[in-house]
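Take a look at the chain below. We will start from a single residue and work outward to the strands around it.

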Amino acid sequence: MLYNTFITTLGRVNDQVTLRQVPNAGLVVQAHEFEAYKEAYPGNRVVALPPEITTLGPTRRWCLKHLAPITGKLILLDDDLTISFRNVPGKYNLLVATPGQVEALFESVVLLLDDFAHVSVSGREGQNRMS
């Protein structure tokens, strides 16, 4: 893949919801949790923040500065996401995305990043009001 996908996480060593659907993502963790995450997820890239970074805003800023330059594209995810999709346009029901649908979503995001600096995906909340 020609992009980096990372999950910013804190205090969820044993409950990585997003990682279940995006198993190849790396984890960005606070310095004091690095060893626990490294041990729990040996197949994933685990990156420790500098010890002085303890909140989400500075975490995201650090990721943009240090992780994005590797490939020029960076996808940052929260650690509690369930990626869903609408099976039938116009219907309100959302279903949990399959691995293939998740991969297609990220492929679309990566293509959009060729033309746009930022790309976002709609949150689940409020989807019943989308047309």
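Thr 9 counts as buried, because its relative accessibility is 6% and the cut-off for buried is under 20%. Keep in mind that this is a predicted model.

Where does Thr 9 sit? It lies in the loop that links strand E1 to helix H1 (17-21). Which residues does Thr 9 touch, leaving out those up to four places away in sequence? The list is Gln 16, Leu 27, Val 28, Val 29, Gln 30, Glu 33, Tyr 37 and Asp 79. With one of them, Gln 16, there is also a polar contact: the side chains of Thr 9 and Gln 16 meet at 2.8 Å.

Now follow three of those contacts, Leu 27, Val 28 and Val 29, into strand E2. This strand spans residues 26-29. Is E2 covered on one face or on both? Both faces are covered. Gly 26 and Val 28 are buried on one side, and Leu 27 and Val 29 are buried on the other.

Next, look at the strands that pair with E2. Strand E1 (residues 4-8) runs parallel to E2, and three bridges join them. Ile 7 has Leu 27 as its bridge partner in E2. Strand E3 (residues 46-48) is also parallel to E2, again with three bridges. Here Val 29 is partnered by Ala 48 of E3.

How does the chain get from E2 to E3? It passes through helix H2 (residues 34-40). This β-α-β crossover is right-handed.

Return to Thr 9 to finish. It is a buried loop residue, and its contacts include Leu 27 and Val 29. Leu 27 is the bridge partner of Ile 7, while Val 29 pairs with Ala 48.

Key: Residues are numbered from 1 along each chain as its sequence is written. This is a predicted model: local features need pLDDT of at least 70, side-chain atom pairs count only at pLDDT 80 or more; totals for chains, interfaces and linings use all residues. Side-chain values use heavy atoms; hydrogens and water are left out. Buried means under 20% relative accessible area, exposed over 50%, partly exposed in between (1.4 Å probe, protein chains only). Helices (H or I, at least four residues) and strands (E, at least two) are DSSP runs, numbered from the N terminus. Two strands pair if DSSP finds at least two bridges between them. A crossover is right-handed if, with the strands pointing away from the viewer, the path from the first strand over the helix to the second runs clockwise. A polar contact is a pair of N or O atoms within 3.5 Å; within protein, one must be able to donate a hydrogen and the other to accept it, and residues adjacent in sequence count only if both atoms are side-chain atoms. Contact means heavy atoms within 4.5 Å.
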